[in-house]
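Trainee: I should like to go through this entry and ask, for each label attached to it, on what grounds the label rests.
Mentor: Please proceed; each answer will set a value against its criterion.

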Amino acid sequence: MSWISACAPLAVAIALLVLPGLLVGLAAGLDRVRLWLFAPLLSVTSLGVGVALGTVLRLGWGLGTAALGAAGVALAAGVVRLLLDRAAPLRVWGWTRRERDLRSVDGALVLATTAVSMAAIAVVAARGVGSPDALQQTYDAAFHVNAVDHVIQTGRASPSDISGVTTFKGSPAFYPPLFHAVAGLVAILTGCGAVVACNIAALALSAVAWPASLVALAVTLRHSPRLLPVGATLLAVVVQAFPYLLMYFGVLWPNALGIAVMPAVVALVVEALRATADGRGALARPMAVVLGLLSVVGLYYSHPGTVFGVVAVALPVLVAVLLPQVRRRYAASRRGRLEALAIVVAAVAVVVIATVAMSTVPQLMRIRAFDWPTAGPMQGAMGNALVMTTSPDAATVTWAVGALIVLGAVECLRRHRLRWLVAAHALLIYLYALSVGTDAPLSAMLTGFWYNDSFRIMAMLPVTGVPLAAIGLAPVQRGCGRLLAELTLDRWAGRGRELGAWALTVGLVVLALPGTLGLGVPSKVVAGGYRPTNPEEVMVTPGERQLYEQLGERHGDGRAVVGNPWTGAAYAGVLSGHPVLWPHFAIVTDDDRNLLRHHFKEYQSDRAVCAAVQRLGVGYAVDDTNHYRGSNQYWRGFPGMNDLDGVPGLQVIGRSGTATVYSVAPCQA
């Protein structure tokens, strides 16, 4: 399948990530630049509210439910705007008249460079994926694809529906459904199928939501109206840690959706607290607060870990705003000392209450109980975090970015209002180093919100790292300007010298990167999840995929497929159009599945096994002597489904390489 033939699904995915947000942005009165930059966040918020409303009202998932969510968020924003207009005549649709918009030329430049960044990321990611129908071969990919297929087949996308894909006994737990809802809606509207829909949704969130949200934060910081947003768009393309890392590892598509809009949520926090370079804001505080609170729904339904990510970044912002107030009040008078003490006590109380409350949530406690083993020393982890990479191949690219981050940190420390950005980035680096370098209780306590997973934390680093690196371009540009002033005639001054400094700065950045701007490295990172070089990491070979697809073409009776998931059978259902009994490696099995897991080969002679086969509607079995991550021996946990050749009642209907598909003959229970 070519990318040209996937234009319709891609257009629908982009529309879902942009159009609802435009409606909300218009209701909120965003200016024409921020209207587009905040559109992905507001779209994710709208879709998340749509899923939540659909769950509560027991509505099916479709375009109508998505529109209901967008209408609800737009209504809330419109009400706030109306109240602001009545309360303060100087406010226009939630924005001050004096600070309503960027200058037209700057706005056009920001939007144009953002569009270029989107196109570049799309090309890099598409090269890594290979084709729209390519199979992601990492551990969680089959679950996500099967979950999207479930949305397509049932028209339901609630958290329990997504969790129910792998829960066959007991009540399904919460699982963040928004990525599956978006990809499912793309497939429902275009008929493209779950595999294509997942790849297209991942591409859209990476190439559209991420750069737009990054630039939204860059514009909000109000440091350099032109350089910071433009620098952020350039750096967003070359940084490996996000979005490319999460298109490979996991695969963590739900996490990626939340992180893609995290910068815009941080921007709302900054607006609400006026933690900008000049202490001013463009968005009215009540509007920023309302939109920020509503965005929590979108983040939570994307993945709860991204909510905690925003909290981690927001804490330094809050401290940076409150600390000067506490100092001023404390130094002012005796009453001021009491007020300062009250603020400190209230802050400590909030932290204590939140900590205690989190310890009472069973699901959160299960997440925080995950403990990945250490992968290296903390010092080395901090070095990797500074340059935002886990790949030694990216050294040339990332050391250039790392140098800009250091320059940006120095620049922010000189401007006390942006010191929080340095502190937030340092905190994320520390969390990453903890997750990599130590198994101490402190690591579990602080990084458990992200499963103690270094990859998830690494992927959040660009939220603060890219703006810092873009700010680091400012001293480079000033140096280039001084150099041009010394080397050129006085008549080449003003605008011409400024443009020359711009060109020289961009040229130096390009020269600091390897050939093709280092874009081959992120493409290679993405490709690792689709075309792994280690044979043990290949879940489904091309020949095996063809077998499953032929099963659907030649045998359309809808009977279920049974097979050891470690042979690639987890993909057998979605590729053949048949139900599959094991859609993932880790599922909550019922008694029937557990019986087949150990004794399926005895189904013709054991009446209990035969009855389980009949209840589950099994009609086909798959086997493969080549196992995913075979050296780990996990495949041995399914003894009833291994070595099916010669089992009574099974007839070969297809074979390719080491993979075989069998029809399952009836049995007498």
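The dialogue below moves from the whole chain to single residues.

Trainee: What kind of model is this, and how many helices and strands are in the protein chain?
Mentor: It is a predicted model. The protein chain has 28 helices and six strands.

Trainee: What makes the protein chain as compact as a globular protein of that length?
Mentor: The globule rule gives 26 Å for 669 residues, and the radius of gyration is 27 Å; the two values are close, so the chain is as compact as a globular protein of that length. Along the principal axes, the C-alpha atoms fill a box of roughly 90 × 60 × 50 Å. Of the contacts between residues at least 6 apart in sequence, 74% join residues at least 24 apart.

Trainee: How much of the protein chain is buried?
Mentor: The share of buried residues is 56% of the 669, where buried means under 20% relative accessible area. The accessible surface comes to about 26800 Å², and carbon and sulfur atoms account for 63% of that surface.

Trainee: Which residues touch the most other members of the largest nonpolar core?
Mentor: They are Tyr 571, Leu 596 and Phe 600, in a core of 209 residues. Helix α9 (residues 194-221) supplies the largest share of this core, 22 residues. In soluble globular proteins, nonpolar side chains tend to be buried together.

Trainee: What does Leu 596 touch, leaving out residues up to four places away in sequence?
Mentor: Its contacts include Val 562, Leu 581, Val 609, Ala 612 and Val 613. Leu 616, Val 618, Gly 640 and Met 641 are also among them.

Trainee: How do you know that both faces of strand β3 are covered?
Mentor: In β3 (residues 560-563), Ala 560 and Val 562 lie on one side, Val 561 and Gly 563 on the other, and all of these are buried. In a regular strand the side chains alternate between the two faces of the sheet.

Trainee: Why are β3 and β4 said to pair, and in which sense?
Mentor: Pairing requires at least two bridges. Strand β3 and strand β4 (residues 618-624) have four bridges, in the parallel sense. One of the bridge partners is Ala 621 in β4, which is matched with Val 562.

Trainee: Why is the link of Cys 610 and Cys 667 called a disulfide?
Mentor: The criterion is a pair of cysteine sulfur atoms within 2.5 Å. The sulfur atoms of Cys 610 and Cys 667 are 1.9 Å apart, and the pair therefore qualifies. By this rule the count is one disulfide. Cys 610 lies in helix α28 (residues 607-616) and Cys 667 in the segment after β6 (659-664), so the pair ties together parts that are 57 residues apart in sequence. The link is right-handed, with 100° about the S-S bond.

Trainee: Are the two cysteines of this disulfide buried or exposed?
Mentor: With the limit at under 20%, Cys 610 at 0% is buried, and Cys 667 at 8% is buried.

Trainee: Why does Cys 7 form no bond with Cys 192?
Mentor: The closest cysteine sulfur to that of Cys 7 is in Cys 192, 13 Å away, which is too far for a bond. With 42% relative accessibility, Cys 7 is partly exposed.

Trainee: What makes the peptide bond between Phe 242 and Pro 243 noteworthy, cis or trans?
Mentor: It is cis, with omega about 10°. Pro 243 lies in the loop between α10 (227-238) and α11 (244-248). The bond from Gly 250 to Val 251 is also cis, with omega near 0°, and Val 251 is in the loop between α11 and α12 (253-273).

Trainee: What sign does phi have in Arg 58, and is this residue buried or exposed?
Mentor: Phi of Arg 58 is positive, near 60°, in a residue other than glycine. Exposed means over 50%, and Arg 58 reaches 78%, so the residue counts as exposed. Arg 58 lies in the loop between α3 and α4 (63-87).

Trainee: How does Tyr 451 stand by the burial criterion, buried or exposed?
Mentor: Tyr 451 has 17% relative accessibility; this is under 20%, and so the residue counts as buried. Its phi is positive too, about 60°.

Definitions and conventions
Residues are numbered from 1 along each chain as its sequence is written. This is a predicted model: local features need pLDDT of at least 70, side-chain atom pairs count only at pLDDT 80 or more; totals for chains, interfaces and linings use all residues. Side-chain values use heavy atoms; hydrogens and water are left out. Buried means under 20% relative accessible area, exposed over 50%, partly exposed in between (1.4 Å probe, protein chains only). Helices (H or I, at least four residues) and strands (E, at least two) are DSSP runs, numbered from the N terminus. A nonpolar core is a set of buried Ala, Val, Leu, Ile, Met, Phe, Trp, Tyr and Cys residues joined through side-chain atoms within 4.5 Å. Contact means heavy atoms within 4.5 Å. The radius of gyration is taken over C-alpha atoms; the globule rule is 2.2 Å times the number of residues to the power 0.38. Accessible areas come from the Shrake-Rupley method with a 1.4 Å probe; for residues, only the protein chains shown count as cover.
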